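Here are a few short exercises to work through with the model open beside you. Try each one yourself before reading its solution.

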Amino acid sequence: MPVQRLNHAVLYVRDVERSVAFYREALGFEPVMEMPGAAFLQAAGSSNDHDLGLFQIGAQAGPSPAGRTAVGLYHLAWEVDTLDELERVAAKLSELGALVGASDHATTKALYAHDPDGLEFEVSWLVPADMIDDELLSARTRVLPLDLAAAKERFGAHTRGGVGVSIPV
């Protein structure tokens with residue numbers, strides 16, 4: 001049987017309490033288990049045991065060289081249900097000074113941000129399968145700046161994203 005989906009991610013961080021506070025405020029994650037130097041968080045809409053594990057390695061830890069001088073993970077991506085929710089997350093990430101980019105990948109509308117340790121993550125909304133046409137498919141080779149107002153006008157502010165793509169019909 002093939003792999004079905006990513007169950008959780010684990011990050012090494014400098015200060016676990018600071019990271020828990022960030023992911024709680026920025027994305028609504030809640031701790032489901034904590035111990036000295038570690039925490040396990042669950043996303044609000046998740047039924048996973050946990051979605052994110054955090055392990056503290058201390059303030060002396062240097063930045064990740066991944067992508068510059070070493071191979072490694074580029075970013076994690078979490079999905080939201082609606083474009084209104086993506087807009088709310090964009091505002092919260094901006095308020096926290098964490099938002100570093102926003103892109104339109106045609107079938108995916110994406111925000112990019114850095115956590116307190118500089119680790120990049122993405123928050124995205126996926127166009128539902130029944131709204132994907134040839135124009136969108138051919139546009140996936142280009143990355144454009146994200147225009148949330150235009151996306152909401154075209155797809156609807158409350159349209160559930162990912163249906164038929166990442167969410168079974």
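**Exercise 1.** Decide whether serine 103 is buried or exposed, and find its place in the fold.

*Solution.* Keep in mind that this is a predicted model. Start with the relative accessibility, which is 14% for serine 103. The cut-off for buried is under 20%, so serine 103 counts as buried. Next, look at the secondary structure: serine 103 belongs to strand β6, residues 99-104. Finally, list the contacts, skipping neighbours within four places in sequence. Serine 103 then meets Thr108, Lys109, Ala110 and Tyr112, together with Val143, Leu144 and Leu146.

**Exercise 2.** Find which members of the largest nonpolar core touch the most other members, and which helix gives the most to this core.

*Solution.* Begin with the whole set: the largest nonpolar core holds 37 residues. Within this core, Tyr23, Leu27, Leu52, Leu54, Leu86 and Phe121 are the ones that touch the most other members. Helix α1, residues 16-27, gives the most to the core, with six residues. Now zoom in on leucine 54. Not counting residues up to four places away in sequence, its contacts include Val16, Ser19, Val20 and Tyr23. Leu11, Val13, Gly37, Ala38, Ala39 and Leu41 also touch leucine 54.

**Exercise 3.** Describe the largest pocket: what is its volume, and which residues lie nearest its centre?

*Solution.* First, the volume of the largest pocket is about 1200 Å³. Then turn to the lining, made up of 35 residues, with Ala43, Gly45, Trp78, Glu79 and Val80 nearest the centre. Sorted by class, this lining has 16 nonpolar, ten polar and nine charged residues. As for elements, α1, β5 (76-79), α2 (83-95) and β8 (120-126) each supply at least two lining residues.

**Exercise 4.** Do the same for the second largest pocket: how many residues line it, and which strand gives the largest share?

*Solution.* The second largest pocket has a volume of about 530 Å³. Its lining counts 22 residues, and Ser64, Ala66, Leu73, Gly118 and Leu119 are those nearest the centre. Strand β1, residues 9-13, contributes the largest share, four residues. By class, the lining has 13 nonpolar, five polar and four charged residues.

**Exercise 5.** State which residues the annotated domain covers, and how much helix and strand that stretch has.

*Solution.* An unreviewed UniProt entry carries the annotation "domain: VOC" for residues 5-126. Over residues 5-126, the chain is 20% helix and 37% strand. To finish, check the two ends of this stretch: their C-alpha atoms are 16 Å apart.

Conventions
Residues are numbered from 1 along each chain as its sequence is written. This is a predicted model: local features need pLDDT of at least 70, side-chain atom pairs count only at pLDDT 80 or more; totals for chains, interfaces and linings use all residues. Side-chain values use heavy atoms; hydrogens and water are left out. UniProt positions are given in the numbering used here, feature names are shortened, and annotations may be inferred rather than shown by experiment. A nonpolar core is a set of buried Ala, Val, Leu, Ile, Met, Phe, Trp, Tyr and Cys residues joined through side-chain atoms within 4.5 Å. Buried means under 20% relative accessible area, exposed over 50%, partly exposed in between (1.4 Å probe, protein chains only). Contact means heavy atoms within 4.5 Å. On a 1 Å grid over the protein atoms alone, a cavity is a set of points where a 1.4 Å probe fits but cannot get out, and a pocket is an open set with protein on both sides within 12 Å along at least five of seven lines; lining residues have an atom within 4 Å of a point. Grid points are joined across faces, edges and corners, and a volume is the space filled by probe spheres set on the points. Ala, Val, Leu, Ile, Met, Phe, Trp, Tyr, Cys and Pro count as nonpolar, Asp, Glu, Lys and Arg as charged, and the others, Gly among them, as polar.
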